[in-house]
Amino acid sequence: CEKVARIFNMSEDFIFAHLTAEGRFNMLKAGVDFLLAYQEGQGAYAVSQFYAAECHARYSIFWQLPSIGGIDNPMLEDERE
């Protein structure tokens, strides 16, 4: 925490509280904390419905959120390489 705090010019307490999850540096934690504190856990989205469901089911950092929405990809499957 000390080295990261110096790099970002933040207190070690802030880094530990908002950027550490399961003993590791995790920038997603700050985003999740923000959503919980200011948006009642609403507003998290992923690049697709499939990925949203996978993230919410697989990654514990997101389990505190009520849901993760998915944004439909405007490119048709047959147009992708």
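In this tour, a residue is called buried under 20% relative accessible area, exposed over 50% and partly exposed in between, with a 1.4 Å probe and only protein chains considered. The model is predicted, and local features need pLDDT of at least 70, side-chain atom pairs count only at pLDDT 80 or more, and totals for chains, interfaces and linings use all residues. Residues are numbered from 1 along each chain as its sequence is written, and side-chain values use heavy atoms, with hydrogens and water left out.

**First stop: helix α1**

Please select residues 2–8, which form helix α1. Helices here are DSSP runs of H or I with at least four residues, strands are runs of E with at least two, and both are numbered from the N terminus. Within α1, display the side chains of R6 and E2, which meet in a salt bridge at 3.1 Å, N to O. The term salt bridge denotes a side-chain nitrogen of Lys or Arg within 4 Å of a carboxyl oxygen of Asp or Glu. R6 and E2 stand four residues apart, about one turn of the helix. R6 counts as exposed at 57% relative accessibility, while E2, at 48%, counts as partly exposed.

**Second stop: helix α3**

Next, select residues 27–38, helix α3. This helix has twelve residues and reaches 17 Å from its first C-alpha to its last, close to the 16 Å expected at 1.5 Å a residue; the expected span is 1.5 Å times one less than the number of residues. Which residues of α3 are buried? They are K29, V32, D33 and L35. Viewed down the axis of α3, the buried residues fall within an arc of 160°, so they line one face of the helix. That arc is taken from the directions from the helix axis to the C-beta atoms.

Now add α2 (12–18) and β1 (20–21) to the display, since what covers the buried residues of α3 includes both elements. Contact here means heavy atoms within 4.5 Å. Rotate to the other side of α3, where M27, A37 and Y38 are exposed.

Two of the buried residues of α3 deserve a separate selection. The side chains of K29 and D33 meet in a salt bridge, at 2.9 Å from N to O. K29 and D33 are four residues apart in α3, about one helical turn. K29 has 15% relative accessibility and counts as buried; D33 likewise counts as buried at 15%.

**Third stop: helix α4**

Move on to residues 49–58, helix α4. Here R58 forms a salt bridge with E54, the closest N and O atoms lying 3.3 Å apart. R58 counts as exposed at 56% relative accessibility, and E54 is partly exposed at 25%. How many salt bridges does a search of the whole structure find? It finds three.

To relate this region to helix α3, select A37 and H56: they are 19 residues apart in sequence and 19 Å apart in space, C-alpha to C-alpha.

**Last stop: a surface patch**

Finally, select I7, F8, M10, F14, F25 and M27, which form a nonpolar patch on the surface with about 610 Å² of accessible area together. Accessible areas come from the Shrake-Rupley method with a 1.4 Å probe, and for residues only the protein chains shown count as cover. Patches are made of residues with over 30% relative accessible area and no salt bridge; like charges are joined within 9 Å, and nonpolar side chains (Val, Leu, Ile, Met, Phe, Trp, Tyr) within 5 Å. Within this patch, F25 belongs to strand β2 (residues 24–25). F25 is partly exposed, with a relative accessible area of 41%.
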